[in-house]
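Trainee: I would like to learn how to read a model of this kind, feature by feature. Could you take me through it, giving the general idea before the particular case?

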Amino acid sequence: MFTLAEVASLSDIQPTYRILKPWWDVFMDYLAVVMLMVAIFAGTMQLTKDQVVCLPVLQSTVNSKVQPDTSGKADFTTVETTTGQEEASMRTVSFGSAPTVTPDILLSRATSSQYQPTESGQELKKEQKDSSGRKTNLDFQQYVFINQMCYHLALPWYSKYFPYLVLIHTIILIVSSNFWFKYPKTCSKIEHFVSILGKCFESPWTTKALSETACEDSEENKQRLTGAQSLPKYVSTSSDEGSPSASTPMITKSGFKFSADKPMIEIPSVTILDKKDGEQAKALFEKVRKFRAHVEDSDLIYKLYVGQTVIKTVKFIFILCYTANFVNTISFEHICNPKVEHLIGYTQFECTHNMAYMLKKLLISYISLICVYGFICLYTLFWLFRIPLKEYSFEKVREESSFSDIPDVKNDFAFLLHMVDQYDQLYSKRFGVFLSEVSENKLRGISLNHEWTYEKLRQHVSRNAQDKQELHLFMLSGVPDAVFDLTDLDVLKLELIPEAKITAKISQMTNLQELHLYHCPAKVEQTAFSFLRDHLRCLHVKFTDVAEIPAWVYLLKTLRELYLIGNLNSENNKMIGLESLRELRHLKILHVKSNLTKIPPNITDVAPHLTKLVIHNDGTKLVVLNSLKKMTNVAELELQNCELERIPHAIFSLSNLQELDLKSNSIRTIEEIISFQHLKRLTCLKLWHNKIVSIPSSITHIKNLESLYLSNNKLETLSAAVFSLQKLRCLDVSYNSIAVIPVEIGFLQNLQHFHITGNKVDVLPKQLFKCVKLRTLSLGQNCITSIPDKISQLLQLTYLELKGNCLDRLPATLGQCQLLRKSGLIVEDHLFDTLPSEVKEVLNQDTSIPFANGI
């Protein structure tokens, strides 16, 4: 026999799984336990009590009751008797042919009839008169023997094995009820789900989020009644907080809630989470996200639960059918013909089954339990197929809270939540908090504000090259509220902050004029947008796709400088065209670093206002440049790394052009330079990092040219025409193959910066030192062997590069260059040591006069 503890272990599951046990599963578990007790009770009674008790039936009695068999062979005879008011089915069992009589028995019968001729007649008379029965000649061992034989021959099989069948059926039902908790493919997901659900239910963040929601809802209702009429223009129609509509830059669900006068509603009772609780809540968000991705792709748990329910239903039908058929076979009286007359002397016995009454009552009880169990199985199937369990909607949770972004789930995830609802819907409501991005962003905001205080942010403020106060925030979960308390900040850089949100508190930052958004699609509230529209002067936006550019960028009417860095291919140009730049009427500088094949048409919308246009391509060839003709007011134009092979003709129409930069292209010849004579205002021409091999003499027609940059080309000689440009103040021919500096360089009396680093010059002409206005002279990485003493004539020289030449010494006349100091003298240390000590002292003197290299 099984012990009770062993049987109970079959239905033992973890206590935490009770949240996945609906009422019908619990009820069926109890029914299974009761059926198990029925089996154990019936089996115990069969083992502890006598099985059957049999008495022989006298021959005369049998003959009077049994009809003779006409065939002479009686295999099976049934005799019906009535005892009192109870009818019982009596069965006579005979094996083989008609009973045979052995010679010994015949001899004994003959002897007894010979010596007692009159005794039989007297006994018959006595039997008729005496109702107490007749005596037999059987001893105790014969009774035990016949009881055992008749137990197996006369008693129906169901009466003998009924307890064991009930036990087996019950064990199968118990196993199939909890199989989905034990199957490896499902129990791993269930264990993970139960663990996460419990932590979500008990997390302090859940209580805080729901309490904030309640407070916010009540506050919103008040403000809708009191403030809707006074501030209608600040109200956003977006139903999803944090998601702007296509036609408005507003972000919040109710923009007036975060106005400049009333920044944000805070819950004083639960404003700050414990740091440990906050970290645990962050981990829960990540676990829920990964669990959802893992579980939603299949419906194995649902199918397994349906399968085991179908198995239980089929089992119930099978048990009910065959049990109801055998319920009448359990009777109290049975007739037994064991075919052992040669041992016992009797051919038929009447047997009583002592446990028949009790077993029949237990069987009826078992049938009743099975019927109840089956009806519950049918209800379960109705629930499984009537309700769409592969979809779960948090509609009520969204209605009751501000977390309108809680997504509906499907497949096994949905089925598990439906099962949890049968236990307590509060679990699902609390679990939904961790599916909401709004909730996660609120948690991040609280943790972020707790970590990034005003004092910590103040420590990260620095001074940039323009001597402005700058703050750079990198890879944070959001923008800390304390940032907007830095009222003296000039530049704010936000990089890789996907959930950046600019609140109305930015209106406090009256000095803010420059904003950088690097891969940061920042969202702004209405009041914050109004402030940025009126105060922001410079905006840098770095993006992967043009769709990431916030819509409100195109509405900043007072913006002066716009820097766009990202992918702007032909398809996305159409998208950017939808958000036209024509509203940026005060835009003066437009910097585009992308992969353009043509200048976007929408740039021409602001062409009349632009004074500087910079296009930096990544090597993509810029083909169409006709739209440049419309930019009549452009004074500075840069077309860098655009794979240009010649100077574009469209440039010659820019009458107001003052500076042209064609850096890093593939220009080989500049014969078109003669057309620059029409650009009367052109003063700076940058053709560096190209493939130019010669300078045409037509360059003399650009009479107003003051700066000429031809470094990193393939020049071998310097054309004398260059030195006819009397206004030239800066000449850069570094990193070419020039071997000789022409003596005509002495004509450039206004030359202040001359760079010829990285060439093959070996001799410096004396005429070079007639350029007495030189302030910067770069002669490094050449083949120069000596420096003439006439260098002392360069009284305004502040920067001299000689490193990388073949010099043996430095001229002592360097000390006469009054503005030259050691910091501006780029030379090897051992050459500096060759100077006289008094010259070293002069060069080592401090000076506050700044120098510039002119590049």
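Mentor: What follows goes from the whole chain to its cores, its annotated segments, its surface and its charged pairs. Bear in mind throughout that this is a predicted model.

Trainee: How many helices and strands does the protein chain have, and what share of its residues count as buried?

Mentor: The secondary structure of the protein chain comes to 23 helices and 26 strands, and of its 855 residues, 49% count as buried. Among contacts between residues at least 6 apart in sequence, 57% join residues at least 24 apart. The chain exposes about 42000 Å², of which carbon and sulfur atoms supply 54%.

Trainee: How should I read the nonpolar cores, and which residues have the most contacts inside the largest one?

Mentor: The general idea is that, in soluble globular proteins, nonpolar side chains tend to be buried together. Here the largest nonpolar core has 132 residues, and those with the most contacts inside it are F676 and F754. Helix α20 (residues 526-535) gives the largest share of this core, four residues. A second, separate core has 82 residues, including A42, L284, Y366 and F403.

Trainee: Which residues does F676 touch, and is α20 mostly covered or mostly uncovered?

Mentor: Leaving aside residues up to four places away in sequence, F676 touches I647, I651, F652, L660, L682, L685 and I702. As for α20, seven of its 10 residues are buried, and the helix is mostly covered; the buried residues are Q526, T527, A528, F529, S530, F531 and L532. What covers them includes β11 (501-502) and β13 (523-524).

Trainee: Which residues does the "transmembrane region" annotation cover?

Mentor: An annotation is best read beside the geometry of the model. The UniProt annotation, from an unreviewed entry, covers residues 27-47, 161-181 and 363-385. Over residues 161-181 the chain is 95% helix and 0% strand, with the end C-alpha atoms 31 Å apart, while over residues 363-385 it is 100% helix and 0% strand, with the end C-alpha atoms 33 Å apart.

Trainee: Which residues form a nonpolar patch on the surface?

Mentor: The patch is formed by W23, F27, V372, Y379 and F382, which together have about 490 Å² of accessible area. The elements that give two or more residues to the patch are α2 (23-48) and α14 (356-386). The largest share, three residues, comes from α14, the helix in which F382 lies.

Trainee: How many salt bridges are found in the whole structure, and how should I read one within a helix?

Mentor: Side chains of opposite charge can pair when their charged atoms come close; a search of the whole structure finds 18 salt bridges. An α-helix has 3.6 residues a turn, so residues three or four places apart point the same way. K290 and E286 both lie in helix α11 (residues 275-295), four residues apart, about one turn of the helix, and their closest N and O atoms are 4.0 Å apart. K290 counts as exposed because its relative accessibility is 55%, whereas E286 is partly exposed, at 34%.

Trainee: What are the settings of the salt bridges of E296 with R292 and of E659 with K686?

Mentor: The side chains of E296 and R292 meet at 2.9 Å, N to O; E296 counts as buried, at 13% relative accessibility, and R292 is partly exposed, at 24%. In the salt bridge between E659 and K686, the closest N and O atoms are 3.5 Å apart. This pair links distant parts of the chain, with E659 in strand β19 (residues 659-661) and K686 in strand β20 (residues 684-686), 27 residues apart. Both E659 and K686 are buried.

Key:
Residues are numbered from 1 along each chain as its sequence is written. This is a predicted model: local features need pLDDT of at least 70, side-chain atom pairs count only at pLDDT 80 or more; totals for chains, interfaces and linings use all residues. Side-chain values use heavy atoms; hydrogens and water are left out. Buried means under 20% relative accessible area, exposed over 50%, partly exposed in between (1.4 Å probe, protein chains only). Contact means heavy atoms within 4.5 Å. Accessible areas come from the Shrake-Rupley method with a 1.4 Å probe; for residues, only the protein chains shown count as cover. A nonpolar core is a set of buried Ala, Val, Leu, Ile, Met, Phe, Trp, Tyr and Cys residues joined through side-chain atoms within 4.5 Å. UniProt positions are given in the numbering used here, feature names are shortened, and annotations may be inferred rather than shown by experiment. Patches are made of residues with over 30% relative accessible area and no salt bridge: like charges are joined within 9 Å, nonpolar side chains (Val, Leu, Ile, Met, Phe, Trp, Tyr) within 5 Å.
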